[in-house]
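Work through the exercises below with the structure open. Try each task before reading its solution.

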Amino acid sequence: MASATGAASHPVPPSLSLPPSQFARLQPHAYLLAHLSPPAASNQPSIRANGRASSQFRVTSANAGSLTHTNGSAVVRMGDTTSVCGVRAEILRTEDIASWSVSRTSNEASNKRRRLAELNEKPNEEDEDTAADDEEDRAHIEDLNLLVPNLSLSTGCAPGFTPGAPPSALAQSLSHQLLSLLHSTRLVRADDLRIWYQPPSLGPEELERHNDDEQMDVDPNPSGGVEDHKNREIKGFWVLYIDVMIISLAGNPFDAAWASVLAALRDTKLPRSWWDVDSEMILCSDNVSEASKLSLRGLPVASSFCVFEADAAAGWRAVVIPDAEEQKARSQKKGSQQRWILADPDGYEENLGQERICLVVDKEKGGKGKTVVLKMEKHGGWTVDTDDLRQLVDISARRWDEMKRILDQC
Amino acid sequence: MTTPLVLLPGEEVPSDHLPPTKNNNPLKLGPGLRLLSQPSTSAAAGHVLTATQAGLLTTDAKRNTVSLLSFSNRRYLPTTNDLIIAQIHHSSADYFHCMVTPHTAHALLGQLSFEGATKKTRPMLKQGELVYARVLSVGIGAGAEVELTCVNPATGKAEPGGLGPLVGGMVFDVSTGMAARLIRASSASPDQTDAVEGLVVLSELDKKLESVGGFEIAVGRNGKVWVDCSNAGDSAIQATVAIGRCLQQTDEGNLSTSEQKKLVSRILREMKIG
Amino acid sequence: MRTGQPRLGSQNRIAAYFAAVVSDESVRECFAGPAAFPILPNKRVYFARNRGDGEDKEEVEAKVQALGVTATSKYMGEQWLVHVPGTHTRSATHHPQKNCVSNFVTFTTRHQATTTFIMVGPTASLAPLYRADGSSSYTCPATGYELLGAVNAPVELPARRDALKPEEATVEVFVKPGTTTAGVGERYVEGILRSVLATVILGREKGLPRRGVVITLAIVGGEDVERGDSYLTLLPALLHTSLLALLSATVPLSMTFSATLLGVTKSGIIIPDPSAADAKAMASLHALAFSSKGHLLLNESQGRFEFDTWEAVRQKALAICQNTAVSADGDVSMAEGAEGAPLHDFVRETVEDQVHRDYPWKIDAV
């Protein structure tokens with residue numbers, strides 16, 4: 001321990017010293033601990049071995065639209081973890097959906113039931129969509145699998161990823177996390193993915209309707225809108241294949257993968273498409289200016305944390321595990337710090353702690369509103385509880401500002 | 001006696017359940033318990049006993065032991081000094097390879113680890129034959145080999161008596177909990193009249209079968225009981241099967257002492273013995 | 001610890017939730033939070049209707065009549081208090097679209113009206129499988145899940161690069177869905193289970209280092225988890241099943257835990273144990289696990305919520321798991337001593353049942 005801290009500040013006798021890089025490999029836990037809790041006399045700040053403060057994220061850069069053959073793409077780099085995401089849109093015709101006519105009627109019935117059930121509930125003013133729309137949104141995207149994310153950890157992205165191996169458990173669970181988060185945040189609106197057919201009606205609105213180049217737009221005129229929607233028919237959906245590739249893995253793959261998905265979806269443009277009655281098929285316009293971007297719900301930003309404990313084997317020692325109250329009391333006591341919560345852990349730090357926290361937060365009204373949590377995951381240990389989580393939500397909210405700036409610029 | 005106490009992992013053993021401490025006789029811990037020290041910052045410094053498994057706390061004031069009785073149908077894991085019944089699988093130059101539990105690696109029994117065995121006098125055991133042996137060592141880590149012996153290496157005697165090849169008789173499977181219970185019961189003082197560990201089945205059988213010539217029994221911790229009634233002449237096989245059935249049914253049904261007595265007389269009647 | 005309580009077989013003991021429908025005007029329906037008390041025919045129970053502020057209570061006396069049939073409910077959001085003499089009083093919130101098949105009890109109120117109670121509590125048994133080192137079966141009628149868990153430990157693992165830790169045991173978890181093969185969702189939930197269980201398994205105890213603790217969980221009944229669906233509704237059941245199987249296999253553990261699932265409706269009402277279908281309508285879903293010493297072992301939250309909401313959820317979850325919060329009217333009779341922890345008790349009672357089955361001679365002797 002002395003050699004590591006000593007090497008940084010003043011020369012040590014050569015007899016017993018190791019270069020810091022070797023010490024880091026031989027005694028990773030002691031090495032990081034020496035950085036985080038320097039001796040009081042040395043006047044050094046507590047800092048991680050990679051030079052960051054404990055709540056500091058790695059330098060993040062994002063670049064959107066770098067792949068030309070996709071509908072949307074992005075590259076996000078967080079330190080040495082790099083994730084590439086490409087979004088490809090394909091058309092799913094409703095006539096190819098076996099259960100389409102059946103599921104549509106049952107969906108409507110369930111919507112009615114749900115609406116009845118929600119009469120007693122206090123309406124939520126801040127939610128711009130009505131509950132029934134929400135339900136249909138959810139049903140279309142989830143039941144028809146309109147979002148298909150897949151993550152692969154490419155060969156050589158980190159030691160141990162050999163060619164020809166089946167997708168590792170890590171890649172599979174990350175794919176699931178992406179899909180689950182896409183569903184639970186309801187980032188993509190089903191309305192953006194629907195391809196409508198508007199049968200020509202013989203009313204006075206027909207002219208007006210033809211001039212309207214935004215086919216999916218809801219008619220501002222309420223009476224006309226109701227009239228229109230009655231005959232409107234969904235003829236197809238866009239299915240978004242979201243492929244993520246981690247080309248370099250140095251810890252915290254989820255944050256990078258999610259950021260690249262988010263940036264790629266923000267970049268995604270879908271061509272204007274319509275149902276052609278004469279040829280009975282869905283046609284797309286090749287005019288780039290007619291293509292429309294997705295209108296995403298909010299900007300959920302993921303931030304992950306890892307807990308580093310001073311006593312790595314505390315749970316194994318022949319010591320009574322303090323119950324939650326005692327532990328809280330002890331940690332509040334001013335003394336030597338027993339654990340650190342490290343934001344955006346790199347690969348080295350991830351190997352040294354089992355307890356993980358992943359938070360996904362969003363801010364309402366484009367950053368001016370309050371912070372809402374969209375996902376909070378914590379497992380692998382028992383040291384983090386309410387107070388820490390509250391602080392982490394604040395840190396994640398700050399990270400949100402930073403990520404918004406980065407994503408807006410890309 | 002105190003009320004039965006069921007502990008879950010992480011729970012402390014209340015001090016009033018421990019046998020009174022004697023200075024020169026330290027408390028012995030059985031499986032499922034471990035001694036932990038309170039963290040130094042806590043006010044009540046000292047040591048506590050906590051459970052690491054779920055089970056029934058039992059104490060023995062005479063032997064000054066405290067242990068946790070866990071579920072009885074668990075798989076047998078070899079532990080040093082356990083007495084077991086092993087079956088020879090094959091033999092090699094120096095060792096007999098024995099099966100202790102199914103679907104596990106073979107245990108090794110030295111060809112010379114028998115009482116009075118030399119290169120010339122060692123027993124020539126064939127595949128399928130049984131030995132009553134003691135676990136000498138279990139090794140450490142993955143792929144460790146279990147070594148058995150039928151002799152006390154220090155004295156060269158088969159201690160305790162009966163170690164060595166088991167000739168004749170039959171082997172019955174019981175749960176490991178039942179096997180441990182039989183061993184505890186047999187090690188209790190023989191003059192004790194009332195039921196030891198709630199078991200009267202053996203003493204009942206002993207009384208009833210005395211007329212036909214008695215029987216011999218060996219219990220292995222790995223859930224095997226070897227029974228031999230070769231003295232019983234014509235009814236030897238019936239008596240052997242009857243003893244096995246009594247033990248197995250006592251085990252499966254968790255029978256009480258009166259039920260055990262009824263069971264013994266019913267089975268002996270059915271088998272027309274005694 | 002538990003003295004003076006008559007022992008009941010598990011079929012008589014109804015562990016946790018119940019809902020009621022009363023055709024009488026005063027009491028229509030209610031759904032109660034978890035409580036661990038026995039309800040037997042002809043036992044009297046009291047309902048109290050609570051109109052929100054805790055003051056306005058209306059008592060209805062009822063009597064357990066017989067085991068009855070199902071009931072569905074129409075009203076939601078009302079607060080109820082259910083009181084069985086000599087047990088815990090619990091606040092209850094009506095639960096929408098409850099549709100479960102379980103133990104039912106019919107009550108007669110003072111006004112001769114009939115009340116049907118749906119008793120919904122997890123039930124479990126230890127060691128149903130003969131070959132495995134330890135196993136457990138678990139049924140949670142509230143969510144409709146049935147699980148079977150098996151533990152083999154310690155076992156020799158194939159020499160794999162990631163499975164060879166020199167100083168401790170490797171924990172492996174496999175989740176087998178009922179109707180399909182395991183996919184990416186199962187990989188994810190296996191990872192979560194592994195990290196939670198590895199924190200309580202004492203993998204450095206004798207005989208465990210460099211060996212494996214293999215936990216296999218089969219989903220035998222209940223709704224299937226769809227693609228991309230969260231496993232949150234299933235997590236508490238999976239955790240309980242694996243804990244009981246570990247206990248049955250006598251794997252050394254540093255402590256036990258209990259887990260629960262809570263949903264928050266769009267209007268902010270916290271509902272315990274929503275079924276998979278109900279969970280979809282919730283604004284947010286939270287699965288929490290607490291150790292027997294009160295540590296937060298696991299939190300999985302998804303949906304849209306604020307941190308303050310989560311704190312309320314955490315408090316409620318801790319009350320469900322550990323019963324730390326004593327209800328306000330002081331009517332709690334802790335007949336079972338300081339450990340009156342409902343879900344924690346459920347684990348304890350399952351273990352006690354098994355111990356009583358295995359060691360009647362030992363216990364009778366005492």
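**Exercise 1.** Which residues have the most contacts inside the largest nonpolar core, and how many residues does this core have?

Solution. First, note what is being examined: this is a predicted model, in which local features need pLDDT of at least 70 and side-chain atom pairs count only at pLDDT 80 or more, while totals for chains, interfaces and linings use all residues. Residues are numbered from 1 along each chain as its sequence is written, and chains are lettered from A and ligands numbered from 1 in the order in which they are written.

Next, fix the terms. A nonpolar core is a set of buried Ala, Val, Leu, Ile, Met, Phe, Trp, Tyr and Cys residues joined through C-beta atoms within 7 Å. A residue is buried if 20 or more other C-beta atoms lie within 10 Å of its own, exposed if 12 or fewer, and partly exposed in between, with C-beta atoms placed from the backbone.

Then read off the result. The largest core has 175 residues, and those with the most contacts inside it are A:L178, A:A257, A:V261, C:V151, C:I201, C:L235 and C:L238. Helix α10 (residues 253–267) of chain A gives the largest share of this core, 10 residues. Helices (H or I, at least four residues) and strands (E, at least two) are DSSP runs, numbered from the N terminus. A second, separate core has 50 residues, including B:F114 and B:F172.

**Exercise 2.** Find which residues C:I201 touches, not counting residues up to four places away in sequence.

Solution. Two residues are in contact if their C-beta atoms, placed from the backbone, lie within 7 Å. By this rule, and with those sequence neighbours left out, C:I201 touches C:A169, C:V171, C:V213, C:V251 and C:L253.

**Exercise 3.** Describe the open sheet of 5 strands in chain C.

Solution. Start with the order, which is β11-β12-β13-β15-β14, with mixed pairing. Two strands pair if DSSP finds at least two bridges between them. The edges are β11 (123–126) and β14 (170–176) of chain C; each has a single partner strand, so one side of each is left without a neighbour in the sheet. On average, neighbouring strands are turned by 15° against each other, direction ignored.

Now take one pair. Strands β13 (residues 145–155) and β15 (residues 212–221) of chain C pair in the antiparallel sense over 8 bridges, and C:L147 stands opposite C:I219 in β15(C).

Finally, add the helices. Helix α1 (residues 184–200) of chain C packs on the sheet, touching β14 and β15, and its direction makes about 140° with that of β14(C). Helix α2 (residues 235–248) of chain C also packs on the sheet, and its direction makes about 150° with that of β12(C). Axes are lines fitted to C-alpha atoms, for helices over the stretch in contact, and angles run from 0 to 180 degrees between N-to-C directions.

**Exercise 4.** Which residues of helix α2 (residues 201–209) of chain B are buried, and why do they lie on the same side?

Solution. The buried residues are B:V201, B:L202, B:E204, B:L205 and B:L209. They cover an arc of only 160° around the axis, so they are on the same side of α2(B); the arc is that of the directions from the helix axis to the C-beta atoms. Their cover includes α3 (236–253) and α4 (257–270) of chain B.

**Exercise 5.** Is A:Q198 buried or partly exposed?

Solution. Locate A:Q198 in the loop between β5 (194–197) and α8 (205–211) of chain A. A:Q198 is partly exposed because 17 other C-beta atoms lie within 10 Å.
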